[in-house]
Amino acid sequence: MCGIIGCFKKEGCYDTLLTLLHRLEYRGYDSAGIAVLSSGRKTLTVRKRKGGVSGIEGRRIAGETGIGHTRWATHGAPSDRNAHPHVCGKFALVHNGIIENYLSLKEELVRGGAEVASDTDSEVIVRLIEKVYTGDFFAAVAAACKRLQGSYAIAVLCKDAPGEIVCAKYKSPLVAGASDDALYVCSDIPALCGEAEYICTANDGEFIRIKDSKIVFCDEDGAEISKVFERVSPVLRAEKPQQGSFMEQEIREIPRALAETYVGLKGLDFAVCARELRQTKRLFAVACGTAYHAALAFKDAVERDSKIPVLCHTASEFRYRKPLVCQGDVVVAVSQSGETADTLEAVRLAKNCGAYVIAVTNIEHSSITGLADFSIVMRAGPEIAVAATKSYNCQLLCLYYLAAQLYFYKNAQMPAYYSQLCLLPEAARAAFDTFIPMRILAEKCKSARGMYFLGRDRDVRTAAEGALKVKEIAYVFAEGYAAGELKHGTIALIEEGFPVIMIATNSALTGKCENALEEVRARGAYTVLFTQDEGAMSKSCADFKCLLPSVCEELMPVISVIPLQYFACRMCIERGYDPDKPRNLAKSVTVE
Ligand code: F6R
């Protein structure tokens, strides 16, 4: 959720802090702050404010060592006083995570005379550090961490230790980076790309110490842990669009993202997991949000072709449900960021139960890829907009590819759709022809108070994803539903002008989809049809029709979602909002 950074740069860290904070803003934009420590004068300057990073830009603050934060509020409303860094005595701290025992720690600190200055859970950490400090900066941070329950990635400055940053990590992501002229810590690998040349991720329980112009990983006693830094892939850099939003830019990147992901898949050696795929009698798939919809599409493909059950779980439920995972099971974890706390915990649980874990992520050195037995790293490129778009199309491509591999290891041949996967980038480009109609549709629907997205079979997944996009960025209540379920309750909500959007890409079921549209139209709904079937389109009663480009039906979900993604983006703009900064959301959900 929140983004944290630390930077040591002899020439001054201020500009770098702000550059990195701007890159991290997609993780949270309730408030932002920096603290800069200057070695000469031993001054600690803090600037923090409610609102975006631009709100803290101003006069350059001199100093080599600094920390910074973009906040996504968990405890305490967005405000200047709740913004990080939190300061106590000689210390300044930024935190990402949730301290679950903060109330009891706070009570203890208040009983000891502390005057708490914010409503956050994070402030207790810096107060604990200050309380136990006897001149050894690192030891104070390590001792404070022993008292914490929950999740944290912290970066701390101490006035007595110019040039030093002490960081700790437990269940929240933290990565160290180095370039010729600077050293970094950050909650986010993509944000470091373009600044750091080499990176190394911290494991739970590890500390990172920037001191004497060096980065050292160590344990809680300060004993050095040997780590390997890897060159960071430049592909992860994201450039701000010249005009428009990241979201629209990322939708327009879908053809390229699919093409690059396809090349990556072709180069991946699935023989590594051949034994597991051949032997498994069932699979699990765990994910959250958009990635969960991709996981459901995977289930459809595997059950249809390989006739093996796939038990799909939202990761947040999986971890508390005592799932029946055991040795011999294959668990597929789908996560764009590779850092989603619930998915990460689901992976840990699956590993503990002896399952073989396959990760599908967009970030090569993420926590989930670090835990998985086998990783499929898509090449969607950096996705900055909070609403997932191109990563979803690439997740589908990777998962269909994986489903094909599974089929191959069971049946010694590829499924028929396999040869068509290479056609997806071109079909995605053809889907851009729907953008002008989508602008018109968004204009028509902009005042709707709610809408349904309907489908049958695999189109139900697309319907759910379309509805999620509209909810999260256009703030219109939307339901993604199986068309056949309408009559069992939801049709009661249909009234004059209520938009009902039908995705009908399965030719065997278009007649049934049309029936459902007729039923809601008879009750006043404003009906919309998406199909690649020109015959069905010309016969349809729908008020608004949109012809999709055609690929083989099994792969249509990769394409049919594109107009819906664009529609949601346009709805958002029509309603006067910023697609890149949906309220209450953050890109990487690293807390529970
Ligand atoms: C929706 C969206 C979220 C994410 C979900 C999982 O547009 O972006 O629903 O899909 O938080 O995130 P990852 O894929 O990073 O695990």
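Select cysteine 167 and look across to β12, where isoleucine 208 stands opposite. The model on screen is predicted. Now widen the selection to the two strands: β8 covers residues 165-170 and β12 covers residues 207-211, and they pair in the antiparallel sense over four bridges.

**The seven-stranded sheet**

Next, show the whole sheet that holds these strands. Seven strands form an open sheet in the order β5-β6-β7-β8-β12-β13-β14, with antiparallel pairing. Which strands stand at the edges? Select 86-88 for β5 and 224-225 for β14; each has a single partner strand, so one side of each is left without a neighbour in the sheet.

Add residues 123-132, helix α3, which packs on the sheet. The helix touches β5, β6 (91-99) and β7 (150-158), and its direction makes about 130 degrees with that of β6.

**Strand β6 and its partners**

Stay with β6 and select its residues with side chains shown. Nine of its nine residues are buried, and the strand is mostly covered. Phe91, Leu93, His95, Gly97 and Ile99 point one way, while Ala92, Val94, Asn96 and Ile98 point the other way. Both sets are buried.

On one pairing, β5 and β6 run antiparallel and are joined over three bridges. Select valine 87 to find it opposite alanine 92 of β6. Two residues lie between the strands of this hairpin, and glycine 89 there takes a positive phi near 55 degrees.

On the other pairing, nine bridges join β6 to β7, again in the antiparallel sense. Pick isoleucine 99 to see one of the matched pairs: its bridge partner in β7 is glycine 150.

**Cysteines**

Move to cysteine 158. This residue counts as buried, at 0% relative accessibility. How far is its sulfur from the closest cysteine sulfur? The distance is 11 Å, to cysteine 88, which is too far for a bond. A search of the whole structure finds zero disulfides. Cysteine 398 is likewise in no disulfide, with the nearest cysteine sulfur, that of cysteine 394, 6.6 Å away. Cysteine 398 is also buried, at 1% relative accessibility.

**Helix α13**

Now select residues 390-411, helix α13. Its 22 residues should span 32 Å at 1.5 Å a residue, and the end C-alpha atoms are 31 Å apart, which agrees. Is the helix enclosed or exposed? Of the 22 residues, 19 are buried, so α13 is largely enclosed by the rest of the structure. Step just past the helix to alanine 412, which takes a positive phi of about 60 degrees.

**The nonpolar cores**

The largest nonpolar core has 100 residues, and Met451, Phe453 and Phe567 touch the most other members. The element that gives the most to this core is α13, with 13 residues.

Centre the view on methionine 451. Beyond its neighbours within four places in sequence, the residues in contact with methionine 451 include Cys445, Val470, Val476, Phe477 and Ala478. Add Glu479, Phe498, Pro499, Ile501, Phe567 and Met571, which are in contact with methionine 451 as well.

Apart from the largest core lies another, of 30 residues. To find it, select Ile99, Tyr102, Leu128 and Ala168, which are among its members.

**Alanine 285**

Go to strand β16, residues 283-287, and pick alanine 285. Is this residue buried or exposed? Alanine 285 is buried, with a relative accessible area of 0%. Leaving aside neighbours within four places in sequence, its contacts are Ala295, Phe298, Val310, Leu311, Cys312, His313 and Val332. For a sense of distance, draw a line from its C-alpha atom to that of alanine 542: the two are 257 residues apart along the chain and separated by 36 Å.

**Lysine 545**

Finish at lysine 545, in strand β25, residues 544-547. With a relative accessibility of 31%, this residue counts as partly exposed. Not counting residues up to four places away in sequence, lysine 545 touches Leu529, Met537, Ser538 and Ser540. One last line to draw runs from its C-alpha atom to that of threonine 65, which is 480 residues away along the chain and separated from it by 58 Å.

Key. Residues numbered from 1 in each chain as written. Predicted model: local features only at pLDDT ≥ 70, side-chain atom pairs only at ≥ 80, totals over all residues. Heavy atoms only, no water. Expected span 1.5 Å × (residues − 1). Buried < 20%, exposed > 50% of the residue type's maximum accessible area, 1.4 Å probe, protein only. Pairing = 2+ DSSP bridges. Contact = heavy atoms within 4.5 Å. Axes fitted to C-alpha atoms, helices over the stretch in contact; angles between N-to-C directions. Core = buried A, V, L, I, M, F, W, Y, C linked by side-chain atoms within 4.5 Å. Disulfide = S-S within 2.5 Å.
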